[in-house]
Amino acid sequence: MVLHTRGDDGTLRVGLRPSLRPALALPPTGLGVGSELEAAARLWEIPAGVLEAGDHGEPGQRHRCSLESHEEMGLIVPDEAFTALGGPVVLSPGVMAERIWIYAARVDPALAGAPAGDGSPMEDDTEPVWLSLAEASPGTCPQRQPLNRLAPRLRQGQRLRRRIVHPHR
């Protein structure tokens, strides 16, 4: 999902978080150990989740977005705040059958608490950041498809949601 906001200067910013990817930690030839290896195993990613047994259809997908927003970014975002950015995409056709549904919600990062996490090492030590689309380049965030879907809509003045989402109290 893409959580987005506008900076004081009107710049579109997207929320990213560091994530440990164990497959990247396997030492290829020439890679050092310790902090160099750990740095190579971390990626900046948009928040995401895997649909679970009770997550059916669009309502289930929106609910999963809400849960993952809290786990990974520390934001409480109601299900109805998420807007679908088109149909599913397949990132690696012919290699993986995984389909990804992309949703977006406008949020206020100032309302974020500490990310709740899910207890997995992939969500340990995460401190979300809010970068402009230019800063969230392919070198910074390899997951460009969700950002590529969001950017044209917002540049053309389309509104995904008019209101800022506030946490439930």
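**Exercise 1.** What percentage of the 169 residues in the protein chain is buried?

*Solution.* The model is a predicted one. In the protein chain, buried residues make up 36% of the 169 residues.

**Exercise 2.** Describe the order of the elements in the protein chain.

*Solution.* Begin with the count: the chain has four helices and eight strands. Then read from the N terminus on, which gives β-β-α-α-β-α-β-β-β-β-β-α.

**Exercise 3.** Locate Ala112 and decide its exposure class.

*Solution.* Step one is the place: Ala112 sits in the loop between strand S7 (103-106) and strand S8 (129-132). Step two is the class: the relative accessibility of Ala112 is 31%. Buried means under 20% and exposed over 50%, so Ala112 counts as partly exposed. Step three is the surroundings: leaving aside neighbours within four places in sequence, Ala112 is in contact with Met73, Gly74 and Leu75. Leu75 is 37 residues from Ala112 along the chain, yet their C-alpha atoms are separated by 4.7 Å.

**Exercise 4.** Which residues of the largest nonpolar core touch the most other members?

*Solution.* This core has 16 residues, and Val2, Val14 and Leu147 touch the most other members. Strand S2 (12-20) and helix H4 (144-155) each supply at least two residues of this core. Next, take Val2: beyond four places in sequence, its contacts include Val14, Ile46, Ile102, Tyr103, Leu147 and Leu150. Apart from this core lies another, of 12 residues, among them Leu75, Val77, Phe82 and Tyr103.

Notes. Residues are numbered from 1 along each chain as its sequence is written. This is a predicted model: local features need pLDDT of at least 70, side-chain atom pairs count only at pLDDT 80 or more; totals for chains, interfaces and linings use all residues. Side-chain values use heavy atoms; hydrogens and water are left out. Buried means under 20% relative accessible area, exposed over 50%, partly exposed in between (1.4 Å probe, protein chains only). Contact means heavy atoms within 4.5 Å. A nonpolar core is a set of buried Ala, Val, Leu, Ile, Met, Phe, Trp, Tyr and Cys residues joined through side-chain atoms within 4.5 Å.
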